[in-house]
Amino acid sequence: MPQSEGNASMEPLGKEPRGILVKLARHYGYCMGVELAIKKALETAAQTGRVWTDGPIIHNNEVVEKLRGHGIEKLRSDADLRPGDTVLIRAHGVPRRRLLQLEEKGVRIVDATCPHVKRAQEIISRYTGEGYKGLVIGDPEHAEIKGILGHAHGECIVVRDIEDVGKVDGDEAPFVVICQTTFSIFEIDRIFAALPLDPERDRIVKTVCRATQDRQEAARELAAQVDAVLVVGGFHSANTNRLAGICREINPRTYHIETADDITPEMLRDVDSVGITAGASTPDWIICRVVSRLKEV
Ligand code: SF4
């Protein structure tokens with residue numbers, strides 16, 4: 001059965017009835033930050049009866065539904081807040097002004113910002129406060145990046161991809177450079193190489209987290225060893241989409257699925273081996289169901 005946080009085996013799970021060999025990536029699924037946020041939410045809900053989360057606590061509809069049963073629910077509007085309510089800040093973190101808004105509402109704040117994201121927020125806050133120009137590599141539409149930008153002093157430059165490098169003006173140096181914690185480690189090296197950076201002058205911190213690095217490296221390795229890859233995770237999950245992109249570069253027969261129900265006969269046509277990896281917000285039980293479904297083929 002799949003294990004969480006890096007305990008997975010690369011060993012084949014065995015020949016299944018139809019003869020498909022199933023392999024798990026060396027690292028996949030839930031990361032420390034997501035586990036911590038869910039644990040905090042459950043502990044708090046057990047005390048208070050209800051916890052609002054400021055945005056979906058996890059990009060996984062099935063998990064969100066299960067948590068709702070424990071009184072943990074996404075906040076739809078601040079108008080729903082009452083003084084004394086509890087609001088959990090999810091692993092992505094929030095801008096500083098959002099914390100102030102919530103404080104003004106008189107709610108209790110439980111901060112479940114992942115420690116890796118918090119570190120990126122602190123770095124950008126400190127160095128932009130000292131006069132460095134903030135340079136953030138990541139998706140400007142992603143909640144984590146919006147949160148990080150909300151801790152900067154002054155405006156930052158956001159570089160989403162290699163095409164964006166041209167908008168960085170070396171005259172604005174010195175820079176403090178950080179990255180989205182779930183950014184592609186392969187893409188980030190290309191971007192760093194193209195940026196007008198000077199390690200002596202600039203503060204450069206690769207804030208891609210260990211869990212992301214492990215999952216991306218393992219996914220790439222796996223994709224080269226199997227006929228097809230199933231990447232399991234929410235369709236809105238940035239880190240799952242990145243895993244799928246990395247696998248697809250190596251293996252065109254890569255399929256992003258949310259649950260076992262998304263597996264189609266076409267995905268397994270003429271396939272002798274299937275690799276499975278999963279995003280940081282995919283629990284083991286969803287991965288187990290995918291493995292079980294493959295056994296039924
Ligand atoms: S992917 Fe990394 S940064 Fe994001 S929550 Fe998980 S451990 Fe934290």
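Before I begin, one term: a cavity, as I use the word today, is a set of grid points where a 1.4 Å probe fits but cannot get out. Please also keep in mind that what we are looking at is a predicted model.

With that term in hand, a search of the whole structure finds one cavity of 30 Å³ or more, and the largest cavity holds about 50 Å³ of space. If you would like to find it on the screen, look for its lining, which is made up of Thr53, Pro56, Ile57, Val64, Leu67, Ile72, Glu73 and Lys74.

Let me turn now to the ligand, which takes up the space of the largest pocket. Around the ligand you will find Cys31, Gly33, Ala91, Cys114, His116, Thr181, Thr182, Cys209 and Thr212, and if we sort that shell by class, we count four nonpolar and five polar residues, with no charged ones.

Next, the aromatic rings. One aromatic pair turns up when the whole structure is searched, and it joins Tyr127 and Tyr132 edge-to-face, with 5.3 Å from centre to centre and 85 degrees between the planes. Are these two tyrosines, Tyr127 and Tyr132, buried or exposed? Both Tyr127 and Tyr132 are buried.

Finally, there are rings with a charge over them. The charged end of Lys66 sits over the ring of Trp285, at 4.9 Å from the ring's centre, while the charged end of Arg220 sits over the ring of Phe186, at 3.8 Å from the centre of that ring.

Methods:
Residues are numbered from 1 along each chain as its sequence is written. This is a predicted model: local features need pLDDT of at least 70, side-chain atom pairs count only at pLDDT 80 or more; totals for chains, interfaces and linings use all residues. Side-chain values use heavy atoms; hydrogens and water are left out. Rings of Phe, Tyr and Trp (its six-membered ring) pair if their centres lie within 6.5 Å; planes under 30 degrees apart count as stacked, over 60 as edge-to-face and the rest as tilted. Buried means under 20% relative accessible area, exposed over 50%, partly exposed in between (1.4 Å probe, protein chains only). A charge sits over a ring if NZ of Lys or CZ of Arg is within 6 Å of the ring centre and within 35 degrees of the ring normal. A residue is near a molecule or strand if one of its heavy atoms lies within 4 Å of it. On a 1 Å grid over the protein atoms alone, a cavity is a set of points where a 1.4 Å probe fits but cannot get out, and a pocket is an open set with protein on both sides within 12 Å along at least five of seven lines; lining residues have an atom within 4 Å of a point. A molecule sits in a cavity or pocket if more than half of its atoms lie within 2 Å of its grid points. Ala, Val, Leu, Ile, Met, Phe, Trp, Tyr, Cys and Pro count as nonpolar, Asp, Glu, Lys and Arg as charged, and the others, Gly among them, as polar. Grid points are joined across faces, edges and corners, and a volume is the space filled by probe spheres set on the points.
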